[in-house]
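Biologist: I have some questions about how the labels on this model are earned. Shall we go through them one by one?

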Amino acid sequence: MAKQHSEVADIDRSLYDFRYGEEGFERLDAGLTPEIVREISAKKDEPEWMLEFRLKSLEIYKSMSAPDWGPSIAGLDMDNIVTYVKPNTDQKSDWESLPDDVKNTFDRLGIPQAERAYLAGVGAQYDSELVYHNMQDTASKMGIVYSGIEEALHDPKWEPLIREKFMTLIPPTDHKFAALHGAVWSGGSFVYVPKDTKLDFPLQSYFRLNAKGAGQFEHTLIIVEDGADLHFIEGCSAPKYNVANLHAGAVELFVGKNAHLRYSTIENWSKNMYNLNTKRSVCDEGGSIEWVSGSFGSHVGYLYPMSILSGRKSTCTFTGITFAGQGQNLDTGCKVVLAAPDTSAAIETKSISKGGGVSTFRSSVVATEKAENSAASVSCQSLMLDADSRSDTIPAMDIRCKNVDVGHEATIGRISDDTVFYLMSRGISEEEARTMVVNGFADPVSKELPLEYAVEMNNLIKLEMEGAIG
Amino acid sequence: MVETTTTTLRANALISPTWHRLDMNEAEVDVVDSIADGIEIHVPEGAQEAEFGAFATAALAAWATRPDQAKTQNNTQPDDEILNGSEVNLDLAATSPVTRDMPQAFEHGMGRTAGEWLAAHAAKTRAVRVPAGTALAEPIVVHAHGKNAAASVASLDVVVEEGASAQVLVCFDAPEAGEGVIGSTLGVFADADAHVDIQTVHAASDGFTTMDDTALFLDDDARITVRHTVLGAGKSFVGLAGNLSGKRSDVHVTTRYVGHGEEALDFNYLLRHRGEKTTCLMDAQGVLTDECTKILRGTIDLACGCAGAEGTETESVILADERVKNNSIPIILCSEDDVAGNHGATIGHMRPEQLNYLMSRGISQEAAERLFATATFEDAAITTPDAYTRQAIAKLAAEIGVPAQFDEAE
Amino acid sequence: MALETSTGELLRVSGLTASVDEKEILHGIDLSVAQGETHVLMGPNGAGKSTLGHVVMGDPTYNVTAGSIVFNGQDVTTLSPDKRSHAGMFLSFQAPVEIPGVPLSSFLRAAAAGREGLNLKGKQFRKHTQELCEELDFDPAYLDRELGVGFSGGEKKKLEMLQLLLLKPKLAILDETDSGLDVDALSVVSRGIDAYRHTCDGTLIIITHNTRILERVDVDRVHVMVKGRMVHEGPASLIEKIDTEGFEQFEQAAQAAQA
């Protein structure tokens, strides 16, 4: 049957799954030792405090145990993970100066085109280092800083601020992989939006992990000052290998008084990836954080962006979708702490399981004694596409304040036979009917995404749904 | 003061735990090891004595007829088989803790350790059989009275045979002040088409810890209704686990509670849907006052093979004081596509339409919250068919100053 | 109008037996409908009329255990519903499904895709559907709303008629079992039937137990079902008879036949 019925062009499976060699790349030995950590630090010519921070984090890492409540990470052998792979280039601010393999990678992912079309700035990381960073003049004239975090760390103007904020929202003691991140972090972006500055176009960082058996540990630090407004987009992908790769990035977001930050992610790591990423934001009075999160890739995922509403009247919205297919165990969700009066949080998530995939929605909503007159609502819907898959919902609520309203609703189900019959009776094939329902199910999330990403997400769903029947 | 030894038991653990930092995964129960006989068990006419361990025997026998359910629930292999050197079989999803659990004929709601402790410390152990087709005219009644510095525990197995029906009433109370453990462990087997109604009432004073442990097994078309009412006890633990093994079997659990003072209430429910078209409803409602804390864990497990099953959990909690702490963790686990699992919770205030109605009749919000607490006592007294339980509720209400009005029993 | 000859036969249902959950609910149904004709399928509540419509369309809820369905010379008994639709069959639903997140316009485009004469480009297609909406007095704003979500009873009827006119099937089975009482819905259906007959000289099977819907329709044959069996067949005049006497005579006859 002709497959031209959809408005979205079919995408090539090889879109994400291509790789290049590592000729001329620097690759440190696998494993985790103080020597490796010192070597990473030395290569970066970091301030002394950062080296101490790394070594302390490594100690914490060694002392902590891995999570015992989520998907198994037994397939992840840290002694075989290469924590640092430096591509054969320095950071550039024009695509043409990049080596061909690196440039071709981002071309094929459509990053330069997107930059021309609708982005105010782009950062691109290849393995352990940023290889490209550029921002439009208009944005830099507004006083906005968007650079590599290591670059900012070497700038006396920004070093004190980074030292003040770095890994304070996500301390290395938080969990084993936060400690790991503290020890071996490399690359990532620094964004500073001054008071009352509103950027109309988004900034985007794209993370590409090309190296086999390696880890990526980028650190993203964003400070949105009082009254300012930013939309930040993060994309990630990698080619598929038959050994484990690890992503343990950290994202720390500071949202000022009456400031607004939207953080959108489409995660499409290859299915050999262990994605143990940590993202956290804190909102001051009247500030708002909006998360839009799509998780499609990875073999194992642990991902729970956290919002700490510490200022009065601060708000958080979280819109997420997770699609777990064959061989995937994606444990995703979010955490919210209502820690001030009049705060509010709205969480809406969708998850889809197919082909033996496991998807777990995990959340925590904590209302502290200070959360007078606050409200939180959690809505989570799961769709099971077959009986080989799993879909679990594990929401926790800890309420310690009288005048709060916390609502929670969860449903798990499948596509009804009646719906499929109705669509088929109008001439739509079963596969297309199911894809249509799944796209409709995902619609509340895709409509929160920038158009290009919504199209990409629909394509990913279509790709996942192909061959889902029979 | 009598010398006592105490033990700390892990209990009411989640089968699929979450972040340890939240401190919701399980509870600890401090128990005294000396045994006191504060137990009365009344078995009415029509019921017959059965052999020790009748529940486990019946459940294992029925379970053996369904070998499919007794297999591992997930086709995922353990990790050491997935791993082959450093290569990962990426076509198999990494296992989650819950998938490692082997299916069992029955589980204790409070967990194995607590269930075994209760059985070992029972002052009276009875096993009762309700013969096929018999509808018991009177309930099986357990009164567990608290004794100072000791554990007063009942152990009861009830096997309700095909087409039979029975009611089991359990009341925990403390005729005299003191400190100790009051508990029961129930095993209820409902054979095909059987119907069992179980009601437990916690009406003890704050010196006591109550432990209310239940294991259920349901065969085809069996129906079990459960009502747990917690009105008093310094620490109360309620754990119920049910295996809905039979086709079209149904469990309906109603939980009602009021927390006072510094009481700590700890509930753990686990209903495993294994038979086709099985249904469950868990409905919890309560009021928390003063400085009390409460945790409700509710897990619906829609296991592979339970096509057509439906599980629903609802919870509403009224927080009537600044100092209360409420934890809720309503879990749905699902490995079957042709099912429906639902959950809804409202935590904080009563529903606006309820409050509006009451306020339109001149009742303030505070008065309305008090009304809910008082009404829970009154409702418990009206619902129980057992005169002694009614007295225990009235006595507790008088002791802690709940202005409940009770109609005198006939 | 085509005559009743075997060459003009569009649909032939022979000995059709179907069950659900191992319970037989249609027992050896025979039905023949010629090209261009309008047939009415009547019977009391629970007679299996809607079931027959769904089974003819290939609803997987039901298992066909015996018999065959031949449409336009092709045996469609084992064909999936979408293939039957592309072959030219249509079933209107009493209650179309709701699909949150899928705009009506996207759905219509997908339904029309790959059909002769309907491969219109984006704008043309939209214009075409808007015209059909106007013809049915259906607010075109609904094209941008989620399929079926929050539609009233009348709007759901219009949605079904809109698809009838858009897809122009060779055979339309209109399941109007429950719509007889709503005046609004009645006029929508009548208008839909008129337009359908007018534009493509289509063939119709109208399923109903209420005769009011038939007042403005030229009927060729009437079939009566009772308890999963075809018990009677006759000319249009049978409608009037049923209108005054009800189904009792057929029910009694069916009972007698069973005994």
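Modeller: Start with helix 3 of chain A. The cover over its buried residues includes helix 4 (111-118), strand 3 (121-126), strand 4 (129-135) and strand 7 (203-208) of chain A. Keep in mind that this is a predicted model.

Biologist: Which residues of helix 3 (residues 100-108) of chain A are called buried, and what makes them so?

Modeller: Val102(A), Lys103(A), Thr105(A) and Phe106(A) are the buried ones. The label needs 20 or more other C-beta atoms within 10 Å of the residue's own, so each of the four meets that count.

Biologist: How do you know on which side of helix 3 of chain A they lie?

Modeller: The buried residues cover an arc of only 155 degrees around the axis, which puts them on the same side of helix 3 of chain A. Just after this helix, Gly110(A) has a positive phi of about 80 degrees.

Biologist: Turn to chain C. What makes the sheet with the order 2-1-4-5 an open one with edges?

Modeller: Four strands of chain C form this open sheet, with antiparallel pairing. Strand 2 (23-34) and strand 5 (74-75) of chain C each have a single partner strand, so one side of each lacks a neighbour in the sheet. Those two stand at the edges.

Biologist: Why do strand 4 (residues 63-71) and strand 5 of chain C count as a pair?

Modeller: Pairing takes at least two bridges. Strand 4 and strand 5 of chain C have two, in the antiparallel sense, so they qualify. Val70(C) has Asp75(C), in strand 5 of chain C, as its bridge partner.

Biologist: What lies across strand 1 (9-20), strand 2 and strand 4 of chain C?

Modeller: Helix 1 (residues 49-57) of chain C does, running at about 75 degrees to strand 2 of chain C.

Biologist: Why is chain C called as compact as a globular protein of its length?

Modeller: First, the inventory: chain C has eight helices and twelve strands. Its radius of gyration is 18 Å, and the globule rule gives 18 Å for 259 residues, so the two are close and the label holds. Of the 259 residues, 42% count as buried.

Biologist: How many residues does each chain bring to the contact between chain A and chain C?

Modeller: Chain A brings 22 residues and chain C brings 24. On the chain A side, helix 10 (430-446) of chain A gives the most, with nine residues. By class, that side has nine nonpolar, seven polar and six charged residues.

How values were computed:
Residues are numbered from 1 along each chain as its sequence is written. Chains are lettered from A and ligands numbered from 1 in the order in which they are written. This is a predicted model: local features need pLDDT of at least 70, side-chain atom pairs count only at pLDDT 80 or more; totals for chains, interfaces and linings use all residues. Two residues are in contact if their C-beta atoms, placed from the backbone, lie within 7 Å. Ala, Val, Leu, Ile, Met, Phe, Trp, Tyr, Cys and Pro count as nonpolar, Asp, Glu, Lys and Arg as charged, and the others, Gly among them, as polar. Axes are lines fitted to C-alpha atoms, for helices over the stretch in contact, and angles run from 0 to 180 degrees between N-to-C directions. The radius of gyration is taken over C-alpha atoms; the globule rule is 2.2 Å times the number of residues to the power 0.38. A residue is buried if 20 or more other C-beta atoms lie within 10 Å of its own, exposed if 12 or fewer, and partly exposed in between; C-beta atoms are placed from the backbone. The arc is that of the directions from the helix axis to the C-beta atoms.
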